[in-house]
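Trainee: Please take me through the charged side chains of this model with some care, covering how they pair and where they gather, and then add a word on the cysteines.

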Amino acid sequence: MNDANYRELTEDLYNRIEELIDNLIENEDASLDYENNSGVLTILCEDTDTQVIISRQQAAHEVWVAAKSGGFHCQYQDDKWVCTKTNEDLAQLLSRTCSEQSSSAIDFSTL
């Protein structure tokens, strides 16, 4: 993968995550919000005042996730982002970490 492909993939990923959170907020399915600033997407779990942080790591062509349960590195494999530590795809990882940090179950499976 080259840098241009990586940027395109992560831009699309961030847009899909933001859209999914917007839908959750609109349907009142979760007490979440987000901030996108310079390649760092912060998911705000408003009911517990915690955050899950997603950051682009362009040099490694990875996406990193920081949560209360730890730090996770995701690599693009077979058309999806996969955690090198847990082998979860990013949708599973975000569902788990956001649900752990929120007072409700959060589902990112449509990511």
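Mentor: What follows treats the salt bridges, then the charged patch, and finally the cysteines.

This is a predicted model, in which local features need pLDDT of at least 70 and side-chain atom pairs count only at pLDDT 80 or more, while totals for chains, interfaces and linings use all residues. Residues are numbered from 1 along each chain as its sequence is written, and side-chain values use heavy atoms, with hydrogens and water left out.

Side chains of opposite charge can pair when their charged atoms come close. The structure holds four salt bridges, a salt bridge being a side-chain nitrogen of Lys or Arg within 4 Å of a carboxyl oxygen of Asp or Glu. One of them joins Arg 56 to Glu 11, with 3.1 Å from N to O. This pair links distant parts of the chain, since Arg 56 belongs to strand 3 (residues 50-57) and Glu 11 to helix 1, 45 residues apart; helices (H or I, at least four residues) and strands (E, at least two) are DSSP runs, numbered from the N terminus. Both partners are partly exposed, Arg 56 with a relative accessible area of 26% and Glu 11 with 38%, where buried means under 20% relative accessible area, exposed over 50%, and partly exposed in between (1.4 Å probe, protein chains only).

Arg 96 has two partners among the salt bridges, for Glu 88 meets it at 3.0 Å, N to O, and Glu 100 meets it at 3.3 Å, N to O. Glu 88, Arg 96 and Glu 100 are thereby linked in a network of salt bridges. Within this network, Glu 100 and Arg 96 both lie in helix 2 (residues 90-101), four residues apart, which is about one turn of the helix. Their surroundings can be compared through accessibility: Glu 88 counts as buried because its relative accessible area is 15%, whereas Arg 96, at 26%, is partly exposed, and so is Glu 100, at 48%.

Other acidic residues, namely Glu 19, Asp 22, Glu 26, Asp 33, Glu 35, Glu 46 and Asp 47, gather in a patch of negative charge on the surface. Patches are made of residues with over 30% relative accessible area and no salt bridge, like charges being joined within 9 Å and nonpolar side chains (Val, Leu, Ile, Met, Phe, Trp, Tyr) within 5 Å. Helix 1 (3-26) and strand 1 (32-37) each supply at least two residues of the negative patch, and the largest share, three residues, comes from helix 1. Asp 33, a member of the patch, is found in strand 1.

Turning to the cysteines, a disulfide is a pair of cysteine sulfur atoms within 2.5 Å, and by this rule the count comes to zero. Cys 74 is in no disulfide, the nearest cysteine sulfur, that of Cys 83, being 4.9 Å away. For Cys 98, the closest cysteine sulfur is in Cys 45, and at 4.8 Å it is too far for a bond. Cys 74 is buried, with a relative accessible area of 0%, and Cys 98 is likewise buried, with a value of 0%.

Terms used
Areas by Shrake-Rupley, 256 points an atom, 1.4 Å probe, with all protein chains shown as cover. Lys, Arg positive; Asp, Glu negative; His and termini not counted. Charge placed at Lys NZ, Arg CZ, Asp CG, Glu CD.
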